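Hi everyone, thanks for making time. I'd like to walk you through one structure today, starting with a helix and then moving on to a sheet. Here it comes on the screen.

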Amino acid sequence: MLRSELSDYLHGFLKVADFQDYAPNGLQVEGRTEIRTIVTGVTACQALIDKAIELKADAVLVHHGYFWKSEPVEIIGFKQKRIKSLLTHDINLFGYHLPLDAHPLLGNNAMLAKLWGLQDITPQAGLVRLGSLPEPSSITDFRNQVSESLGREVLHLPGGPDKINTVAWCSGGAQNYIDIALKWEADLYISGEVSEQTTHIAKEGGIHYFAAGHHATERLGIQALGEHLAEKFGLQCHFVDVPNPV
């Protein structure tokens, strides 16, 4: 399909216009006009770009792209190398951040709910979700389930009950949204990262906290989006998981 067609479709499908984000959502680096092969991944790092070059991809589609509001504007060092690699091989780069976290069907949070068997009962719109388990579970059993499903041992900060029923969650670096989970009286809050104060908030607030990995909690959405594009448009989509312990 044409680059412009893919861009227009993703803009509408992910409801990009509904978000004020920390980076531009959509086409970030322009490559060739026609797209047949796409490499998807969490972050547009050099290893992902190198794999896209190896696979002769026409586009790279990621959750973490470039040009964040807090980053230097100069295109030097590793940033220059990444962009030069894309331009030299005429590869498009598309990045979708918050729209991919929030998408109700294929977003990171929606996919985590499916992975953990949570029924979404979120009381109000927003990135943070609230779900209920099919039946109460011991915190140990659910911790083991989450660790196994993500392929990494989660960091558990205890504070809630031994048996849990309600779980709030938000993928990525959303540990500071624990206040929302407390407001909703969740038994457990899960996000990707952790801060020093999270330990005390969990203990004093009476809630468990799992730091399950920023990368690990944001793999599913971009993978599902690639599979959707392959099914709908017949594109070749390759998910490449570049390991990241954070």
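Let's begin with helix α1, residues 3-13, where Arg3, Leu6, Leu10 and Phe13 are buried. Those four span an arc of only 105° around the axis, so they sit on the same side of α1. The general background is friendly here: an α-helix has 3.6 residues a turn, so residues three or four places apart point the same way. Please keep in mind that this is a predicted model.

What do the buried residues of α1 pack against? Their partners are the strands β1 (26-29), β2 (37-43), β3 (59-64) and β4 (92-95), along with helix α9 (220-233). And if you follow the chain just past α1, you meet Lys15, which has a positive phi of about 55°.

Now to the sheet. There is an open sheet of six strands, in the order β5-β6-β8-β9-β10-β7, and the pairing is mixed. β5 (119-120) and β7 (155-157) are at the edges with a single partner strand each, so one side of each has no neighbour in the sheet.

For β7, the pairing with β10 (residues 208-211) is antiparallel and runs over three bridges. Within it, Leu155 is opposite Ala211 of β10.

Two helices pack on this sheet. Helix α5 (residues 108-116) touches β6 (129-138), β8 (163-169) and β9 (188-191), and its direction makes about 160° with that of β8. Helix α6 (residues 139-150) touches β6, β7, β8, β9 and β10, with its direction at about 120° to that of β6.

That's my tour, and I'm happy to go back to any part of it.

Methods: Residues numbered from 1 in each chain as written. Predicted model: local features only at pLDDT ≥ 70, side-chain atom pairs only at ≥ 80, totals over all residues. Heavy atoms only, no water. Buried < 20%, exposed > 50% of the residue type's maximum accessible area, 1.4 Å probe, protein only. Arc of directions from axis to C-beta. Contact = heavy atoms within 4.5 Å. Pairing = 2+ DSSP bridges. Axes fitted to C-alpha atoms, helices over the stretch in contact; angles between N-to-C directions.
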